[in-house]
Amino acid sequence: MSELVPGGNLPLPGGALAVRVPGPFDVCALVTDDSGKVGGDADFVFYNQPTAPGAALRGGTLTLEPGRLRAGATRVTVVISAADPGTPLARLPAATLRVTDPHGRVIARFAPPSPRQETVLLLAEIYRRGPSWKLRALGQGYADGLAGLARDFGVEVLDDTPTSRGGPAAPAPPTDPDGFLALVNPARAAAGSPPVALDARLATAARAHAADMAAAGRLGSEGRDGVSLHQRVTAAGYPYLAVGEHLVSGPRTPAEFVDYCLRTDRAGRTLRDRAFTHVALAQATDARDGLTYWTALWASPLTADGLARTTAEVVELTNRERTRAGLRPLAVDPLLTRAAQAHCADMVERAFYSHTSPEGTQPWDRAAAAGSTRQTIGENIACGQRSAAEVVEGWMNSPGHRANILKPAFTHIGVGYTGGGPSGTYWTQLFGA
């Protein structure tokens with residue numbers, strides 16, 4: 001694997017390439033010729049227009065087949081912007097580009113310099129040199145928004161509002177033919193929680209999972225293909241800060257399903273949880289016995305502010321434990337934070353859970369790669385916990401993790417969190433001295 005720097009380039013193998021930037025980012029691509037201009041609006045590949053010849057965007061992963069691009073195309077520029085429109089990239093976790101070959105091997109990684117007020121980043125370009133194709137790292141910030149960037153490349157955009165984020169109009173919100181919102185929102189209101197809205201991306205994941213359970217004839221958070229429900233959510237293009245689910249068999253109608261949830265303590269807490277803003281419900285019937293399988297998904301989207309609040313709460317709870325033990329609190333280190341967040345995103349993207357990455361890098365390697373010069377490094381990781389309080393409590397109940405939290409020599413901390421992967425949530429504490 002090649003670690004690229006701005007301006008660095010790499011020859012590419014033949015076949016399809018997968019380009020991914022984990023985190024709360026929208027990925028898009030502009031297909032151009034030697035003039036640097038698109039041939040038409042169809043050359044702008046983004047969430048509202050996810051395909052073009054030789055390019056496809058699905059669930060945050062951009063798949064490129066250079067040999068199948070439209071006639072005359074010689075360059076594809078990969079661009080990211082905040083999934084929460086208008087958010088400066090400096091307020092988000094560090095963006096890291098990963099490119100994999102047709103066999104799924106990571107062939108290139110690029111961590112650009114931290115942006116400032118830019119809302120769009122030209123991350124890399126795949127370009128033709130003679131008969132072959134190469135990858136060049138860019139890392140060029142752009143402050144005029146995604147629609148402004150598209151215009152500069154020759155795309156005719158409708159507007160630059162948060163609703164459409166440039167390009168064709170955003171899809172209409174999903175309808176509620178089963179009256180599910182009318183069943184759940186009054187129960188939420190009675191508990192003092194805000195209403196939830198339907199989300200088409202969650203619905204895509206819920207339908208796929210319900211159908212898989214019906215085909216298998218059993219409830220489960222993992223499908224027959226080994227894909228977890230949480231992986232279906234992120235693959236559908238919904239990066240989340242919080243997520244909950246109901247997997248139920250038996251009820252015949254949405255009303256019966258909701259009644260079951262309200263009569264069950266844990267399911268009722270999820271239904272009423274004020275952290276959730278979006279929901280989806282899907283059902284599928286096992287043709288062999290007529291049993292109906294249900295999947296309900298509850299989620300709130302990942303935003304820069306939400307991530308900052310969550311990681312700050314982990315730091316606060318960690319320092320509370322240190323204070324109780326008579327130790328000095330830890331100071332937040334931005335470089336350790338960057339390394340911790342990158343490790344969480346990597347574990348989600350490549351579906352592993354370890355202090356050691358598939359390439360063999362260790363916590364101190366990741367800290368050094370982020371620019372840290374601290375001499376002593378420690379790391380706690382966790383997966384599956386749904387809140388800052390739950391993860392810190394779990395670490396404190398584990399002797400090894402507790403020892404890291406209460407180590408007198410540590411002076412600084414960085415915390416990372418990412419939703420997705422087989423376990424749903426991944427957490428990292430990186431300590432330094």
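Student: Which residues of helix α1 are buried in this predicted model?
Tutor: Let's start with the helix as a whole, which spans residues 145-152. Six of its eight residues are buried, so α1 is largely enclosed by the rest of the structure. The cover over these buried residues includes β4, β5, β9, β12 and β13. The buried ones are Gly145, Leu146, Ala147, Gly148, Leu149 and Ala150.

Student: What is the phi of Gly154, just after α1?
Tutor: Good place to look, right where the helix has ended. Gly154 comes just after α1 and takes a positive phi. The value is about 100°.

Student: You listed β12 and β13 in the cover of α1. How many bridges join β12 to β13?
Tutor: β12 covers residues 120-129, and β13 covers residues 132-142. The two strands form a hairpin with two residues between them, and Gly130 in the turn has a positive phi of about 65°. They run antiparallel, with Glu125 standing opposite Arg136. The number of bridges joining them is nine.

Student: Which residue of β13 is the bridge partner of Pro11?
Tutor: Here we turn to another strand that pairs with β13, namely β2, residues 9-11. Three bridges join β2 to β13, and the two run antiparallel. The bridge partner of Pro11 in β13 is Lys134.

Student: Over what arc do the buried residues of α5 fall?
Tutor: Helix α5 runs over residues 254-263, and its buried residues are Pro254, Phe257, Val258 and Cys261. Looking down the helix axis, these residues line one face, because they fall within an arc of 95°.

Student: And which elements are included in what covers that buried set of α5?
Tutor: There are helices and strands among them. The helices include α2 (180-190) and α6 (265-272). The strands include β15 (240-249), β16 (278-285) and β17 (292-301). Put together, the cover includes α2, α6, β15, β16 and β17.

Student: Is Ala296 buried or exposed?
Tutor: Ala296 is found in strand β17. Leaving aside neighbours within four places in sequence, its contacts are Gly244, Glu245, His246, Phe257, Ala280 and Leu281. With a relative accessible area of 0%, Ala296 is buried.

Student: How many disulfides does a search of the whole structure find?
Tutor: Let's look at two cysteines on the way. Cys261 has 0% relative accessibility and counts as buried, while Cys383 is partly exposed at 23%. The cysteine sulfur closest to that of Cys383 is in Cys344, and at 10 Å it is too far for a bond. Over the whole structure, the number of disulfides found is zero.

Student: Which are the edge strands of the open sheet with the order β18-β20-β21-β19?
Tutor: This sheet has four strands and mixed pairing. Within it, β20 (residues 412-420) and β21 run antiparallel and are joined by nine bridges, with His412 opposite Gly432. An edge strand pairs on one side only, and that describes β18 (331-332) and β19 (377-383).

Student: Which strand gives the largest share of the lining of the second largest pocket?
Tutor: That pocket holds about 770 Å³ of space. Of the 31 residues that line it, the closest to its centre are Val243, Gly244, Asp273, Phe276 and Arg386. At least two lining residues each come from β15, α6, α7 (304-324), α10 (388-396) and β21 (424-432). The largest share, eight residues, comes from β15.

Student: Which helix gives the most to the lining of the largest cavity?
Tutor: The structure holds two cavities of 30 Å³ or more, and the largest has a volume of about 80 Å³. Its lining includes Pro22, Phe25, Arg98, Gln341, Ala342 and Ala345. The element that gives the most, with three residues, is α8.

Student: Where does Ala351 lie, and what is its phi?
Tutor: Most residues other than glycine have a negative phi. Ala351 has a positive one, and it is partly exposed, with a relative accessible area of 41%. Ala351 lies in the loop between α8 (334-350) and α9 (363-369), and its phi is near 55°.

Methods. Residues numbered from 1 in each chain as written. Predicted model: local features only at pLDDT ≥ 70, side-chain atom pairs only at ≥ 80, totals over all residues. Heavy atoms only, no water. Buried < 20%, exposed > 50% of the residue type's maximum accessible area, 1.4 Å probe, protein only. Arc of directions from axis to C-beta. Contact = heavy atoms within 4.5 Å. Disulfide = S-S within 2.5 Å. Pairing = 2+ DSSP bridges. 1 Å grid on protein atoms, 1.4 Å probe; cavity = no way out; pocket = protein on both sides within 12 Å on 5 of 7 lines; lining within 4 Å. Points joined across faces, edges and corners; volume = space filled by probe spheres on them.
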